[in-house]
Amino acid sequence: MSLGPVVAAVPQSCGESLCVFGTGDMGRSLGQRLLQSGYSVVFGSRRPDSCVPVPRGAQVMSHAAAAQSARIIFICIHREHYGFLQTIAPQLKGKVLVDVSNNLEKDMFPEANASHLQRLVPEATVVKALNTLSAWALQNGPSDSNRQTFVCGDSAEAKQAVSEVCTRLGLLVLDRGSLGASRELEDFPLQLFPQWRLPLGIALGLTAAFFFYLLIRDVIYAYVVDGKDISFRIMVSLANKVFPIVSLVMLALCYLPGVMAALLQLHRGTKYRPFPDWLDRWMLCRKQMGLVALALASLHVLYTLIIPIRYYVRYRIAASTISQVLKNQTTEFSQTSAWRTDSYYSMGILGFGLFVLLGISSLPSVSNSLSWREFSFIQSKLGYLTLFLCTLHAYLYGWDKFLRPTSYKWYMAPGYLLSLVLPSVVLVLKLLLLLPCVDRSLTRIRRGWERGTTQDSSTHRLLI
Amino acid sequence: MSLGPVVAAVPQSCGESLCVFGTGDMGRSLGQRLLQSGYSVVFGSRRPDSCVPVPRGAQVMSHAAAAQSARIIFICIHREHYGFLQTIAPQLKGKVLVDVSNNLEKDMFPEANASHLQRLVPEATVVKALNTLSAWALQNGPSDSNRQTFVCGDSAEAKQAVSEVCTRLGLLVLDRGSLGASRELEDFPLQLFPQWRLPLGIALGLTAAFFFYLLIRDVIYAYVVDGKDISFRIMVSLANKVFPIVSLVMLALCYLPGVMAALLQLHRGTKYRPFPDWLDRWMLCRKQMGLVALALASLHVLYTLIIPIRYYVRYRIAASTISQVLKNQTTEFSQTSAWRTDSYYSMGILGFGLFVLLGISSLPSVSNSLSWREFSFIQSKLGYLTLFLCTLHAYLYGWDKFLRPTSYKWYMAPGYLLSLVLPSVVLVLKLLLLLPCVDRSLTRIRRGWERGTTQDSSTHRLLI
Amino acid sequence: MSLGPVVAAVPQSCGESLCVFGTGDMGRSLGQRLLQSGYSVVFGSRRPDSCVPVPRGAQVMSHAAAAQSARIIFICIHREHYGFLQTIAPQLKGKVLVDVSNNLEKDMFPEANASHLQRLVPEATVVKALNTLSAWALQNGPSDSNRQTFVCGDSAEAKQAVSEVCTRLGLLVLDRGSLGASRELEDFPLQLFPQWRLPLGIALGLTAAFFFYLLIRDVIYAYVVDGKDISFRIMVSLANKVFPIVSLVMLALCYLPGVMAALLQLHRGTKYRPFPDWLDRWMLCRKQMGLVALALASLHVLYTLIIPIRYYVRYRIAASTISQVLKNQTTEFSQTSAWRTDSYYSMGILGFGLFVLLGISSLPSVSNSLSWREFSFIQSKLGYLTLFLCTLHAYLYGWDKFLRPTSYKWYMAPGYLLSLVLPSVVLVLKLLLLLPCVDRSLTRIRRGWERGTTQDSSTHRLLI
């Protein structure tokens with residue numbers, strides 16, 4: 001629950017003295033915030049007399065003297081300079097050292113900074129904290145995006161003491177366990193959407209591929225063969241073909257690894273052998289893949305809905321009406337066309353509605369509030385229904401176009417036909433897996449049964 | 001804050017030995033994860049020599065021997081077999097027993113499994129944990145949807161020890177209090193949207209009812225009386241009547257119980273008498289009811305926006321234009337129609353916009369960040385405004401249609417008219433409750449005043 | 001993770017006795033809940049014999065007697081009456097006093113109620129809790145919107161005891177640190193969107209200003225000069241000009257303060273001097289400003305998408321088609337218009353898509369799961385891209401209209417032209433800041449470098 005950045009505005013002095021080693025940016029920003037929150041701050045510096053200006057109200061001493069003035073010492077110096085701390089080890093004995101450091105890249109050092117620090121000064125207690133916050137948050141007080149800080153360390157008491165300081169700075173403290181977790185915490189600020197890279201890469205690749213395919217098939221063909229310049233269609237018509245195609249393919253890619261994993265388990269007759277690495281990685285980014293597909297589907301919806309206000313469409317409709325009047329012939333109303341197009345829109349809307357529901361259920365706060373059974377009901381049952389409706393939408397859109405020879409310009413099939421391959425394969429495989437005999441085997445395997453072991457599943461479960 | 005499934009990739013040994021009783025699926029999956037996270041694992045088995053294969057790296061011993069090798073013992077056996085634990089009670093003395101069990105249905109046993117276990121082995125300390133995770137999460141490491149685990153138990157120290165193991169497995173641990181909460185935790189994995197059943201049931205019932213009503217009134221009437229086949233309208237036109245009608249009715253059903261509760265309190269003259277059970281249950285699913293209504297309203301929006309790209313609509317517009325040309329008569333522009341339809345769309349858009357805002361504010365993470373005053377401002381004030389705008393939208397849509405006899409085919413009123421009954425009643429009742437004299441009484445009652453008690457509200461509040 | 005309001009339904013007695021001082025609404029509601037959760041409850045009252053009815057099952061005693069019956073005492077009386085507690089100080093010694101009070105307005109008293117209570121009864125331990133819950137939650141058990149309660153206090157042990165009671169009431173307890181945080185907790189229930197006031201005020205002001213500007217320029221001008229009544233356009237056409245204009249201006253206002261802060265830092269040559277107060281406040285409400293802009297942009301999208309189903313638009317299109325037929329002249333298809341309008345829609349859709357992405361990433365649960373680097377990538381890089389696309393959308397919409405003298409009715413420029421001023425300025429300034437030389441200076445300053453200090457940045461960082 002966000003209580004707003006209130007604490008900073010209530011600088012009641014609490015008298016407690018805290019020590020900060022290092023007068024660089026981090027040290028000064030942190031010192032300033034500590035002062036604002038009512039603490040006394042003592043900076044430890046190599047040259048206490050000729051040091052850069054520290055925030056007003058803070059004292060500067062030598063490292064050894066500063067260390068003795070406080071119980072908690074924030075180590076705001078670079079890992080490369082941790083070495084000198086060994087020289088004042090006696091003064092650090094029993095102190096709580098807060099490691100706030102980050103590295104410039106992952107795996108720079110074999111050991112986490114905090115573990116390294118603990119090894120250097122074994123008689124102090126090291127707590128990792130505050131490193132996931134931006135400098136902005138440390139200087140100006142926490143805002144919405146960074147009210148949380150992680151704390152880890154081996155001493156519950158030391159963690160508690162550091163947590164209290166953090167709470168006073170207006171932060172929400174989350175305990176992440178022992179000091180062994182500090183590598184994870186040190187890597188966290190460096191990450192830039194690691195799980196989104198593969199899905200975004202696939203989406204970009206598919207988008208580019210289908211864009212050029214359709215550019216050649218639609219625009220360039222019309223220019224070369226018919227001598228017509230319809231390049232303006234790139235902006236909306238072409239985009240509105242590429243986006244739904246890529247979206248449908250990516251939605252199928254979300255469900256393909258699950259089907260493949262099931263087939264693999266059936267083939268192997270056990271669930272205890274690990275999947276190949278690529279399959280594991282694929283399965284771990286299904287959520288991100290689905291959300292990218294949802295984003296593209298949303299663009300498709302918007303691109304579709306603006307069709308009737310486009311200049312080109314209005315021009316064509318007026319031209320067609322005028323030509324009907326002039327030729328004095330009216331086209332016949334086709335019940336089939338009415339049924340087909342309305343069904344096609346309806347399937348699209350229902351599929352998109354379910355897709356949005358899947359997206360909402362993957363918001364962290366929503367998925368956290370679901371039991372595992374509920375989550376798998378939505379993501380699996382409703383997910384396949386979504387895939388089915390969207391595939392049906394594409395089939396109804398295409399209808400009998402794939403039969404007409406004119407659809408194959410320069411032997412290139414219409415885009416929608418290509419987009420249907422993968423979803424159809426996934427749906428057929430899923431149907432096979434749902435056949436009672438196959439489903440029964442799979443369920444047994446997923447409950448721990450193994451082909452080739454002598455015990456059957458019933459004794460197995462009774463084993464204690 | 002999700003730190004991604006990192007821990008699994010860093011199998012630093014921590015040396016600590018943990019014990020797992022049971023070599024079934026749960027025991028093996030858990031054992032494998034523990035081994036991956038750097039623990040030594042000892043399985044306890046009835047037949048340590050002829051047991052099913054355990055994960056590589058784990059030892060298998062007899063239960064008694066295994067129990068002595070570790071401080072924490074994970075009980076991965078079925079409740080039915082807990083009995084034998086009494087026979088090794090001496091070896092379990094002082095150990096932490098982690099009950100990870102679930103049942104196949106609610107209320108199978110009079111007592112929670114964990115409480116039962118504690119009663120059987122009173123000299124051990126039982127902690128309930130890990131039961132809300134899927135087998136997948138235990139085997140493959142936590143992913144987004146299941147990083148959380150609940151822990152409950154009577155010993156803070158034992159909970160802490162178990163929490164540390166869970167944290168090391170990459171889970172976020174939430175303490176749910178004493179062992180008495182274990183029944184709640186054991187029921188959690190079994191639940192499948194318990195609070196959504198009533199709202200979804202109502203939505204389905206209303207949808208079916210209005211669908212058949214409108215099918216008869218629109219499609220079948222046209223077929224029987226006019227001999228026209230307009231069955232294609234089922235797909236879009238009919239759906240786009242049923243969805244908004246059901247949505248509006250369900251939105252009214254969200255606000256009806258609050259109004260009824262207020263009237264009941266006014267009638268009784270006290271707030272301390274509990275409401276009837278059905279009213280309580282109704283009030284508890286208002287949020288879900290509103291979200292179902294929002295989903296239907298969203299479908300209504302999409303169905304409305306595709307109207308101009310429908311084949312049928314384009315055909316009719318062209319036909320009408322052509323017939324105007326041929327008859328050489330143009331229709332007159334009607335200021336009233338322009339005002340009415342534009343207002344009708346505008347109210348719909350604003351109502352829908354507010355409705356989406358209500359939906360966003362009921363996302364767990366958003367509603368958690370609101371103070372109670374803020375939440376009730378949105379859900380009550382803005383909620384009634386939404387209901388008002390949507391009702392106005394429906395009134396403007398209908399306009400004077402209800403006066404025309406042709407609207408009553410086979411004596412059946414137009415659908416929109418039926419949908420307006422409930423919202424109108426709710427809005428009128430709410431207006432009555434807002435009358436100063438009524439509002440004053442209600443406020444007094446809600447502050448604790450009771451009719452018939454001798455003290456008036458002012459002394460009452462001073463009572464200490 | 002919401003486990004549903006289950007606890008209330010399982011009234012297992014736990015035997016522990018709790019004391020409630022005060023038989024007003026708060027005391028009675030709380031007492032009832034405690035009884036339902038299985039506690040024994042003793043009310044302390046001034047006149048135990050002639051007191052108002054307490055919930056069935058509770059006892060009533062004198063304050064002194066009640067205090068001795070329990071370890072935890074809930075103080076449900078108004079702060080004004082805390083005084084009498086001094087008289088029973090001996091009985092309160094060593095007890096845990098839970099302050100549940102709230103005030104009617106902010107800063108009513110110089111000291112938080114809980115701190116005041118602690119000062120009055122120094123030998124008891126005061127814990128602040130439960131005050132952020134609504135009376136409804138206390139009486140009927142927690143529902144979705146208020147399952148959380150904050151606890152603060154100086155004694156970890158006392159907080160733990162109170163937390164256990166809260167957990168048993170079905171609440172999620174969040175520890176907010178020492179008793180010094182109680183002022184914050186007491187202000188929390190009073191707040192009504194404090195951070196939204198400025199953005200909403202700006203939005204309202206801008207909306208009103210542009211509404212009247214466009215009303216005069218479009219509707220009143222047409223009435224006065226051309227004698228045409230087009231007042232019906234207020235409902236949709238005018239709204240659909242005002243909303244996008246205000247949205248674009250507010251989006252620019254989100255990014256203006258960041259640019260200004262950067263310029264100020266460049267000018268001052270240091271980041272250590274605080275920003276002016278107005279700039280700080282502006283920066284703190286950027287998120288809210290952006291979300292208001294997003295809401296207006298969403299309305300703009302809906303208002304745009306209903307254009308083709310408007311009566312007025314259909315009438316005009318039919319009229320234009322008919323007049324083309326009658327005059328027997330068809331308009332020429334313009335490639336430029338096709339390109340321009342399609343690009344204009346495409347930019348709008350992509351800009352809106354990114355805008356929605358920014359909105360989603362500012363949901364609390366999403367932004368909490370992002371590292372600071374990820375969050376700033378989205379909000380800064382993607383944010384500027386959004387601003388750029390939306391500005392381009394407006395430029396393409398306007399195209400060469402601003403060159404035509406007829407666009408300046410009564411010397412009033414078209415609305416879109418006014419909306420472009422601020423975004424253009426922000427984008428140009430941002431471009432300047434991205435020039436390599438400027439960017440380098442700024443980066444140095446943000447890393448802690450200060451102009452005029454003797455050490456250069458490299459030695460600075462080495463200082464320890």
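1. A:Trp399 is partly exposed, with a relative accessible area of 40%. The model is a predicted one. In chain A this tryptophan sits in the loop that joins helix H15 (372-398) to helix H16 (415-434). Its phi angle is near 50 degrees, a positive value in a residue that is not glycine.

2. The corresponding entry for chain B can be read beside that one. B:Trp399 lies in the loop between helix H15 (372-398) and helix H16 (415-434) of chain B. The phi of B:Trp399 is near 55 degrees, again positive in a residue other than glycine. B:Trp399 has a relative accessible area of 41% and is partly exposed.

3. Next comes the interface of chain B and chain C. How many residues does each chain bring to the contact? Chain B brings 75 residues and chain C brings 77 residues. The area buried between the two chains is about 6,600 Å². Carbon and sulfur atoms give 64% of that area.

4. The charged and polar pairs across this interface can also be listed. Two salt bridges are found between chain B and chain C. In a salt bridge between B:Asp342 and C:Arg310, the closest N and O atoms are 2.6 Å apart. The interface also has 15 residue pairs in polar contact, with both residues at pLDDT 80 or more.

5. Which element gives the most to the side of chain B that touches chain C? Helix H13 (residues 335-361) of chain B does, with 14 residues. Sorted by class, this side of chain B has 35 nonpolar, 26 polar and 14 charged residues.

6. On disulfides, the count over all chains comes to zero. C:Cys76 is in no disulfide, and the nearest cysteine sulfur, in C:Cys19, is 9.5 Å away. C:Cys76 has a relative accessible area of 10%, so the residue counts as buried. Why does C:Cys254 form no bond with C:Cys285? The sulfur of C:Cys285 is the closest cysteine sulfur to that of C:Cys254, but at 8.4 Å it is too far for a bond. A disulfide here would need the two sulfur atoms within 2.5 Å. C:Cys254 is buried as well, with a relative accessible area of 7%.

7. C:Val100 belongs to the loop between strand E5 (96-99) and helix H4 (113-120) of chain C. Is C:Val100 buried or exposed? Its relative accessibility is 4%, so C:Val100 counts as buried. Beyond its neighbours within four places in sequence, C:Val100 is in contact with C:Met26, C:Phe74, C:Ile75 and C:Cys76, and with C:Lys128, C:Ala129, C:Leu130 and C:Asn131. C:Leu133 is 33 residues from C:Val100 in sequence, and their C-alpha atoms are 9.4 Å apart in space.

8. C:Asn113 is part of helix H4 of chain C. The relative accessible area of C:Asn113 is 0%, so this asparagine is buried. Which residues does C:Asn113 touch, not counting those up to four places away in sequence? They are C:Arg79, C:Tyr82, C:Asp99, C:Ser101, C:Asn102, C:Asn103, C:Lys128 and C:Glu186. C:Lys128 is also among the contacts of C:Val100.

Notes
Residues numbered from 1 in each chain as written. Chains lettered and ligands numbered in written order. Predicted model: local features only at pLDDT ≥ 70, side-chain atom pairs only at ≥ 80, totals over all residues. Heavy atoms only, no water. Contact = heavy atoms within 4.5 Å. Buried area = accessible area lost by both parts, 1.4 Å probe. Salt bridge = Lys/Arg side-chain N within 4 Å of Asp/Glu carboxyl O. Polar contact = N/O pair within 3.5 Å; in protein donor to acceptor, adjacent residues only side chain to side chain. Helix = DSSP H or I, 4+ residues; strand = E, 2+ residues; numbered from the N terminus. Nonpolar A, V, L, I, M, F, W, Y, C, P; charged D, E, K, R; others polar. Buried < 20%, exposed > 50% of the residue type's maximum accessible area, 1.4 Å probe, protein only.
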